[in-house]
Amino acid sequence: MAEFTMELSDEQKEVRDWLHGFAADVIRPAAAEWDEREETPWPVIQEAAKVGIYSLDFYAQQYFDPTGLGIPMAMEELFWGDAGIALSIVGTGLAAVGVLANGTEEQIGTWIPQMYGDASDVKVAAFCSSEPDAGSDVASMRTRAVYDEAKDEWVLNGTKTWATNGGIANVHVVVAVVDPDLGSKGHASFIIPPGTPGCSQGQKFKKHGIRASHTAEVVLDGVRVPGSCLLGGKEKLDERLARAREKAKQGGERVKNAAMATFEASRPAVGAMAVGTARAAYEVALDYATTREQFGRPIIDNQGVAFQLADMRTQIDAARLLVWRASWMAVNGKPFTAAEGSMSKLFASETAKKVTAQAIQILGGNGYTREYPVERMHRDAAIYTIFEGTSEIQRLVIARTLSGMPIR
Ligand SMILES: Cc1cc2nc3c(=O)[nH]c(=O)nc-3n(C[C@H](O)[C@H](O)[C@H](O)COP(=O)(O)OP(=O)(O)OC[C@H]3O[C@@H](n4cnc5c(N)ncnc54)[C@H](O)[C@@H]3O)c2cc1C
């Protein structure tokens, strides 16, 4: 186990500074343009691929950092640059993690490289779980995957929604129902290879924020994929379903246990994105408050403004500490007995919304215009309390973990 320290290693600082440089020099200057265009910023993704930020290698290196801080540090810096562009860069990684976590070695080796493409021909990937009638309530998912034994193929039908990179992805990872009697325990994940007939983009959403990130419906109409596209393989799925059926017979007892490790491990990454956006807005507000003069002095000389900045900074630092704690716990296999991952996502996302609103206030009229970036940051920040589980769902998970009620 890595020894706990509050100090980043020299190597981590180097990576952080390199990412910060890319965020400051490439991402931030492009932010306003791609927000207005509401399109995937392919040239920026390509730049990220050229320098090695958009690649499986980079993501895996951060993912396997023994301190757990690699991913949160990377997310904070990239999202400090701009949330919409950063999501276009890291969205593929979120889909790749689904394969890394559940796929066989062969599946990892086959599909993850196709998710990224290469620097001369970049590709993106999408993770499709949400449906029009199954958002927070994942168990009510309706997309069905039925096994055609004669052909060793799975047939998928249904409509996914809110998929980041949905329809423009080279590879889609789709969660579908394989046993409707088992609720969320009867779900499995499938790879939809590039160009599979029957898989198409539905509506593309026009959004409030993170507008450079493509969000769309994905329609699955009689999609046939080979048996090898079931993540983890059929044998493992059959074993898992048998265990779930056995458990279902015993009924859902109230047991004191830890929150689900996979979600607890991934949620701090979203918390780190929120910290990045919050820190970006705070820095703009601090700079503005020290240079803008009213009544013959910088506005920061008014306690009413300075105290707001003090609160903003305190909350950002507290959010980062929660994110780092949960990330460290995940990598060191600590049980999430108080849903610490959900806690970090809840606090960081609410902080981002609050801090970006305060930043607008501190910039006054300028804060309300697109001449300054804080209104965009505020629009962007609103996503953090919604995706990867809303704030209400984080509270529900924390409360149920504390009380011992089954989480799902
Ligand atoms: C920009 C964007 C990108 C996304 N990217 C992806 C993606 O790549 N892949 C993917 O699969 N999904 C993605 N999502 C979907 C996202 O995860 C869902 O929007 C989210 O889980 C909430 O589901 P919902 O929108 O259906 O809201 P609902 O579940 O309908 O919730 C509506 C409101 O009711 C509240 N609520 C619901 N149930 C309860 C309860 N039990 N107690 C208290 N309050 C409750 C919620 O907190 C919320 O305030 C994305 C969404 C957006 C907006």
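**Figure 1. Surroundings of Leu 8 in the predicted model.** Leu 8 touches Lys 13, Arg 16, Leu 69, Met 73 and Trp 324, residues up to four places away in sequence not being counted; contact means heavy atoms within 4.5 Å. The residue belongs to the segment before helix H1 (10–37), where helices (H or I, at least four residues) and strands (E, at least two) are DSSP runs numbered from the N terminus. Leu 8 is buried, with a relative accessible area of 9%; buried means under 20% relative accessible area, exposed over 50%, and partly exposed in between (1.4 Å probe, protein chains only). Although Leu 8 and Met 73 are 65 residues apart along the chain, their C-alpha atoms are separated by 9.9 Å. Residues are numbered from 1 along each chain as its sequence is written, and side-chain values use heavy atoms, with hydrogens and water left out. In this predicted model, local features need pLDDT of at least 70 and side-chain atom pairs count only at pLDDT 80 or more, whereas totals for chains, interfaces and linings use all residues.

**Figure 2. The largest cavity.** A cavity is a set of points, on a 1 Å grid over the protein atoms alone, where a 1.4 Å probe fits but cannot get out; lining residues have an atom within 4 Å of a point. Grid points are joined across faces, edges and corners, and a volume is the space filled by probe spheres set on the points. The model has three cavities of 30 Å³ or more, and the largest holds about 90 Å³ of space. Its lining includes Tyr 54, Phe 58, Met 75 and Tyr 116. H4 gives the largest share of this lining, four residues. By class, the lining has 11 nonpolar, one polar and no charged residues; Ala, Val, Leu, Ile, Met, Phe, Trp, Tyr, Cys and Pro count as nonpolar, Asp, Glu, Lys and Arg as charged, and the others, Gly among them, as polar.

**Figure 3. The second largest cavity.** This cavity holds about 40 Å³ of space. Among its lining residues are Phe 79, Asp 82, Thr 277, Arg 376 and Asp 380. Two or more lining residues come from each of H4, helix H8 (261–291) and helix H11 (374–381).

**Figure 4. The largest nonpolar core.** A nonpolar core is a set of buried Ala, Val, Leu, Ile, Met, Phe, Trp, Tyr and Cys residues joined through side-chain atoms within 4.5 Å. Of the 104 residues in the largest core, Phe 79, Ile 89, Met 115, Leu 156 and Tyr 384 touch the most other members.

Note on methods
1 Å grid on protein atoms, 1.4 Å probe; cavity = no way out; pocket = protein on both sides within 12 Å on 5 of 7 lines; lining within 4 Å.
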